[in-house]
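Notebook open, structure loaded. I'm jotting down what I look up as I go.

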Amino acid sequence: APLASFCRPARAHGLHSLAAVRGTLGQMFGIQRVQDAMERKAMMQREVQVALNVARARDTLQWWGTLYGAFITTVSLAKLTGRNVSGFLAIPAIMGGFSLANIADLAYGSKLNRVVKETEHILENERSRLVPPHQAPFHRFYTDEEKAAWPHGSAQATGSLWPTILPVYRPPLHPQAVAKESTG
């Protein structure tokens, strides 16, 4: 009786036997298994990519750290032996220290956590930055609101898009404004 009551609603959807119900449920769970497998594969690919980036940062730190150490040692020994050392050598010493600190932060520090948090912020609050060119096959999956939020409108030459932090930055004209200027 319980099986018959289970099959009754299924018959309303065109499933006339227990085998059909089992087949439909199997397909649903099969699809879920495939989706889970795809998500696990994507997760693994992400983990490999993150590990690769950290390993690359550690390798870069080893090479540049050794070079920086040799540079600082040479300058220090020259200064200690009484040789005349140019004051300009302070510039690469300071810049190199900051660069190495940045790489070391990625390789062993909390930079990766900060980058992940910033990524989450961008994905949640700045989706318009992620809209690809309209030629991309997945452009259609973005909403019209996300596409319209991009402040620069249609495609333009990159030479007309100055960084916003520079004083020469001017918001680019939209095609309608350009048409008005050329006719008016």
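**Entry 1: Trp-64**

I started with Trp-64, which sits in helix α2, residues 18–80. I'm working with a predicted model here, so I keep to the confidence cut-offs: local features need pLDDT of at least 70. Is Trp-64 buried, exposed or partly exposed? Its relative accessibility is 49%, so I put it down as partly exposed. The cut-off for exposed is over 50%.

Next I checked for a surface patch around this residue. Trp-64 makes a nonpolar patch together with Trp-63 and Leu-67, and the patch covers about 420 Å².

**Entry 2: the whole chain**

I stepped back to look at the overall make-up. I get six helices and zero strands, and the order along the sequence reads α-α-α-α-α-α. How much of the chain is buried? Buried residues come to 12% of the 184 residues.

For the surface, I noted about 14,900 Å² exposed, with carbon and sulfur atoms supplying 64% of that. I also looked at contact range: among contacts with a separation of 6 or more, 31% are between residues 24 or more positions apart.

**Entry 3: Leu-112 and the α3/α4 packing**

I picked Leu-112 next, in helix α4, residues 111–125. Leu-112 has a relative accessible area of 26%, so I call it partly exposed. What does Leu-112 touch, leaving aside neighbours within four places in sequence? I find Val-50, Val-54 and Leu-106.

I followed up on Val-50. Along the chain, Val-50 and Leu-112 are 62 residues apart, yet I get 8.8 Å between their C-alpha atoms.

Leu-106 took me to the helix pair. Helix α3 (residues 90–108) packs against α4 at an angle of about 80 degrees, and the axes are 6 Å apart. The angle makes α3 and α4 roughly perpendicular, because that class runs from 65 to 115 degrees. Which residues make the contact? On the α3 side I list Asn-102, Asp-105 and Leu-106, and on the α4 side Lys-111, Leu-112 and Arg-114. Leu-106 and Leu-112 thus turn up in this helix contact, and Leu-106 is also one of the contacts I had written down for Leu-112.

**Entry 4: salt bridges**

How many salt bridges does the structure hold? I count four, and I looked up some of them one by one. A reminder to myself: side chains of opposite charge can pair when their charged atoms come close.

Glu-120 and Lys-117 meet in a salt bridge, 3.8 Å from N to O. I checked that against the cut-off, which is within 4 Å. Both residues belong to helix α4 and are three residues apart, about one turn of the helix. Glu-120 has 37% relative accessibility and goes down as partly exposed, while Lys-117 has 57% and goes down as exposed.

Glu-126 pairs with Arg-129, and I read 2.6 Å between the closest N and O atoms. Glu-126 is partly exposed at 24% relative accessible area, whereas Arg-129 is exposed at 57%.

Arg-127 and Glu-146 form another salt bridge, at 3.0 Å from N to O. This pair links distant parts of the chain: Arg-127 is in the loop between α4 and α5, Glu-146 is in helix α5, and they are 19 residues apart. I have Arg-127 as partly exposed at 31% relative accessibility. Glu-146 has a relative accessible area of 17%, so I have it as buried.

**Entry 5: Glu-146 and His-139**

I stayed with Glu-146 for its surroundings. Leaving aside neighbours within four places in sequence, Glu-146 is in contact with Arg-127, Ser-128 and Val-131. Arg-127 is the salt-bridge partner from the last entry.

Val-131 led me to His-139, since the two are in contact. Where is His-139 found? I place it in the loop between α4 and α5, with α5 spanning 144–148. Is His-139 buried or exposed? Its relative accessibility is 15%, so it counts as buried; the cut-off is under 20%.

Not counting residues up to four places away in sequence, His-139 touches Val-131, Pro-132, Pro-133, His-134 and Lys-147. So I have Val-131 noted twice, as a contact of Glu-146 and as a contact of His-139.

Technical notes. Residues are numbered from 1 along each chain as its sequence is written. Side-chain values use heavy atoms; hydrogens and water are left out. Patches are made of residues with over 30% relative accessible area and no salt bridge: like charges are joined within 9 Å, nonpolar side chains (Val, Leu, Ile, Met, Phe, Trp, Tyr) within 5 Å. Accessible areas come from the Shrake-Rupley method with a 1.4 Å probe; for residues, only the protein chains shown count as cover. A salt bridge is a side-chain nitrogen of Lys or Arg within 4 Å of a carboxyl oxygen of Asp or Glu. Helices (H or I, at least four residues) and strands (E, at least two) are DSSP runs, numbered from the N terminus. Buried means under 20% relative accessible area, exposed over 50%, partly exposed in between (1.4 Å probe, protein chains only). Contact means heavy atoms within 4.5 Å. Axes are lines fitted to C-alpha atoms, for helices over the stretch in contact, and angles run from 0 to 180 degrees between N-to-C directions. Angles under 35 degrees count as roughly parallel, over 145 as roughly antiparallel, 65 to 115 as roughly perpendicular and the rest as oblique.
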